[in-house]
Amino acid sequence: MDINIIQTNIASALRMSFSSFHRFLITLSCIIGLFYSVTWLTQIVRGVIDGQSDSVLNFGLLGLGGYALWQQRAALKPQVAEDADQLLGHGLVICGVAVFPLIRSSISLQAVVFAGILLGLALSHWGLGFFKRYWSPVLMLLVAIYPNLGFIAIRIFRLFTPHMALERLMAWLGEIGLKAMGQQAVAQAQYLNLPEGSVEVGPGCTGFSMAFTLFGCSLLIGLFFKLTYKKTLCLLLIGVAISMILNIPRIMLLANAAVYWGEDSFHFWHDSWGGQIFASIMFTAYYYAVMPLIDPEN
């Protein structure tokens, strides 16, 4: 491409960016969005490497929410915000742009501030009526921009359950499974004791992460295929049941690996490779379990 054409396009883009205060704020928001997207993708990749699977929810929500708004682009084009909405939206954007460079050490605060910037842009561009009419895709997009949804979900779950309840349950179920295989095992609180040693069922071994992922996938499938509430609820229950049931042999395997097979074996099954293997098994079982509900003819 000719260098003059590139320079002309850049100059034209700059002139457009500074042609109004609103467009100037859009430009600043895009710059902030570029920085945050790098942080967001980095966090997502790290989660995948560590064996987490909830990133599928982020991309799924982004896709569904973005597509829903894209379908309404013709209706949104003539919509204009009132002066009060535009003033409030600009205030949100300005505050977000000013605060964002000061919170680079916290991914959670970055997500909250960037969400505020997006809300401010939408409010200043389309007005308050935009949120009343398109609250569902807006909510999907706001949830999707947080890169570690499981982190939030487990903390909400713990607010409404007894201390270490899921860890104790998994230790007890692991005891039952090991005894069914002819091994001696005793569960005490969150600890699973074997004759040669004991292991602790920690927060990462409860199966909650897998259950949350399948719960979210079920919700995405229900929205995408526009299933009835009853079918969507069935998908949710199937997803949670599969994840919790399959976590029992995982606990049994990790207990044997920790006590009998050596540290290397334990780290293999506990860390990223083992996590991805179990996730693959889980998604495969989930696929065959829910397909009759999604497509009864198959």
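**Exercise 1. Which loop holds Ala-189, and what is unusual about its backbone there?**

Before starting, keep in mind that this is a predicted model.

*Step 1.* Find Ala-189 in the loop between strand S1 (186-188) and strand S2 (191-194).

*Step 2.* Check the backbone: phi of Ala-189 is near 55°, a positive value in a residue other than glycine.

*Step 3.* Now the surface. Partly exposed runs from 20% up to 50% relative accessible area, and Ala-189, at 34%, counts as partly exposed.

*Step 4.* Try Lys-226 as well. Lys-226 has a positive phi of about 55° without being a glycine. Its place is the loop between helix H11 (208-224) and helix H12 (229-261). With 74% relative accessibility, Lys-226 counts as exposed.

**Exercise 2. Work out which residues touch the most other members of the largest nonpolar core, then follow one of them outwards.**

*Step 1.* The largest nonpolar core has 46 residues, and Tyr-36, Ile-117 and Leu-192 touch the most other members.

*Step 2.* Ask who supplies the residues: helix H6 (residues 107-126) gives the largest share, six of them.

*Step 3.* Take Ile-117 and skip anything up to four places away in sequence. What's left is Ser-29, Ile-32, Val-93, Gly-96 and Val-97.

*Step 4.* Hop over to Ser-29, which sits in helix H2 (residues 21-49). Buried means under 20% relative accessible area, so Ser-29 at 4% counts as buried. Leaving aside neighbours within four places in sequence, Ser-29 is in contact with Val-93, Phe-114, Ile-117 and Leu-121.

**Exercise 3. Pick out a nonpolar patch on the surface and say how exposed Ile-156 is.**

*Step 1.* Look for Phe-151, Ile-152, Ile-156, Leu-159 and Phe-160, which make a nonpolar surface patch of about 540 Å².

*Step 2.* Place Ile-156: it belongs to helix H9 (residues 149-159).

*Step 3.* Ile-156 has a relative accessible area of 44%, so it is partly exposed.

*Step 4.* Set that beside the usual trend: in soluble globular proteins, nonpolar side chains tend to be buried together.

**Exercise 4. How many aromatic pairs are there, and what geometry do two of them have?**

*Step 1.* The count comes to eleven aromatic pairs.

*Step 2.* Start with Phe-130 and Tyr-134. The ring centres are 5.5 Å apart and the planes meet at 50°; planes over 60 degrees apart would be edge-to-face and those under 30 stacked, so the Phe-130 and Tyr-134 pair is tilted. Phe-130 and Tyr-134 are both buried.

*Step 3.* Now do Phe-224 and Phe-225: with centres 5.1 Å apart and planes at 85°, this pair is edge-to-face. Phe-224 is exposed, at 55% relative accessible area, while Phe-225, at 43%, counts as partly exposed.

*Step 4.* Go back to Phe-130 and widen the view: Trp-126, Phe-130, Phe-131 and Tyr-134 form one aromatic cluster.

**Exercise 5. Is Ser-218 buried or exposed, and what does Ser-218 touch?**

*Step 1.* Ser-218 lies in helix H11.

*Step 2.* Its relative accessibility is 0%, so Ser-218 counts as buried.

*Step 3.* Not counting residues up to four places away in sequence, Ser-218 touches Thr-232, Leu-235, Leu-236, Gly-239 and Tyr-286.

*Step 4.* For a backbone view, go to Leu-237, 19 residues from Ser-218 along the chain: the two C-alpha atoms are separated by 8.8 Å.

Technical notes
Residues numbered from 1 in each chain as written. Predicted model: local features only at pLDDT ≥ 70, side-chain atom pairs only at ≥ 80, totals over all residues. Heavy atoms only, no water. Core = buried A, V, L, I, M, F, W, Y, C linked by side-chain atoms within 4.5 Å. Buried < 20%, exposed > 50% of the residue type's maximum accessible area, 1.4 Å probe, protein only. Helix = DSSP H or I, 4+ residues; strand = E, 2+ residues; numbered from the N terminus. Contact = heavy atoms within 4.5 Å. Patch = residues over 30% accessible without salt bridge, like charges linked within 9 Å, V, L, I, M, F, W, Y side chains within 5 Å. Areas by Shrake-Rupley, 256 points an atom, 1.4 Å probe, with all protein chains shown as cover. Salt bridge = Lys/Arg side-chain N within 4 Å of Asp/Glu carboxyl O. Phe/Tyr/Trp six-rings, centres within 6.5 Å; stacked < 30°, edge-to-face > 60°.
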